[in-house]
Amino acid sequence: MYSMTKTTSAPLAGQGAPAGALRGGNRAALASVPAAADSDERTRDRVLSAVLEHGPVSAAELGDLLGFTPAAVRRHLDHLSRAGVIEVKRVARAGAGAGRPARRYVLSSQGQSSLGDDYLNIATLALKQLGAVAGDEAVRQFAVERFAEMERRYAPEVEAAGTDITARAQALSAALSRDGFVASTATIEAKAPLPAALSSVQLCQGHCPIQQLATQFPVFCDAETEMFSRLVGVDVRRLSTLARGGHVCTTHIPTGRPAVTVALATDAPDNLDEVSNHLQERPL
């Protein structure tokens, strides 16, 4: 988690402090500075966590979530923005004539990296060596097996949600969040004159523990998308990924059609190019 470097603005003895600066009430005032810095750090950690979980999110929404005044939340957002761990995303407002795009806050690439990647370099070197020795197919198979293990754990929870696609997507989201992906779902209902078959759920992941690894080896995103399709029971499509520069990983899941039985990972085709077009990510 992001942590702030503690600084104080009060002068210390021997460093420009005026004579008598540490006497009486000034001593108590100086002692309060570290406590205030600690409080600000904890508050900024809360703000950062809220941006991670709810982003893209507005300053007003963050204030409501955390119980802060608009001025207080903006002060902390400005500090985090200057530190480079969050950034502003312009989002079009809903409705006709909605005016200028709204400001929404999301984690930056630096913010994502600060969440922890202790074994990234080792994993990257190992996969490069695997590819050099055994070829790209060996790397692909490694990715498939990684998500097959996740699929075996998630499948009972998703199946318990029944045949409703939205419910299955929500169960998948809960399982992903438990594994640190900070997942959420948003239901998009198609309204007349659009057919109901166009309704969908967007599954978003605010954090990817292997983001930088997936940037170099996109097959990890492909294998994960294929896993989602098998679990929810419909063909899905990736709209954006953190690995390709998106602010979140977003998966489009159509809900206007019944779920079907899809083969488990162990029965999936050996070549990911043989699967349907849900692996074709739309341009960002």
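**Close-up views of a predicted model**

**View A. An open sheet of four strands.** In this predicted model, four strands form an open sheet with antiparallel pairing, and their order is 3-4-6-5. Strand 3 (183-188) and strand 5 (237-240) are the edge strands, each of which pairs on one side only. On average, neighbouring strands of this sheet are turned by 25 degrees against each other, direction ignored.

**View B. The pairing of strand 3 with strand 4.** Strand 3 and strand 4 (residues 200-205) run antiparallel and are joined by six bridges. Alanine 183 has glutamine 205, in strand 4, as its bridge partner.

**View C. Helices in contact with the sheet.** Helix 9 (residues 219-232) packs on the sheet, where it touches strand 4, strand 5 and strand 6. The direction of helix 9 makes about 130 degrees with that of strand 5. Helix 7 (residues 165-178) lies across strand 3, strand 4 and strand 6 (249-254). Relative to strand 3, helix 7 runs at about 160 degrees.

**View D. Helix 6 and its bend.** Helix 6 comprises 25 residues, 136-160. From its first C-alpha to its last, helix 6 reaches 36 Å, close to the 36 Å expected at 1.5 Å a residue. At tyrosine 154 helix 6 bends by about 40 degrees, and proline 156 follows within four residues. Tyr154 is also one of the buried residues of helix 6. After helix 6 comes glycine 162, which has a positive phi near 90 degrees.

**View E. Buried residues of helix 6.** The buried residues of this helix include Val139, Ala143, Val144, Phe147, Ala148, Met150 and Val158. Arg140 and Glu151 are likewise buried in helix 6.

Definitions and conventions. Residues are numbered from 1 along each chain as its sequence is written. This is a predicted model: local features need pLDDT of at least 70, side-chain atom pairs count only at pLDDT 80 or more; totals for chains, interfaces and linings use all residues. Side-chain values use heavy atoms; hydrogens and water are left out. Helices (H or I, at least four residues) and strands (E, at least two) are DSSP runs, numbered from the N terminus. The expected span of a helix is 1.5 Å times one less than its number of residues. The bend at a residue is the angle between axes fitted to the seven residues ending there and the seven starting there. Buried means under 20% relative accessible area, exposed over 50%, partly exposed in between (1.4 Å probe, protein chains only). Two strands pair if DSSP finds at least two bridges between them. Axes are lines fitted to C-alpha atoms, for helices over the stretch in contact, and angles run from 0 to 180 degrees between N-to-C directions. Contact means heavy atoms within 4.5 Å.
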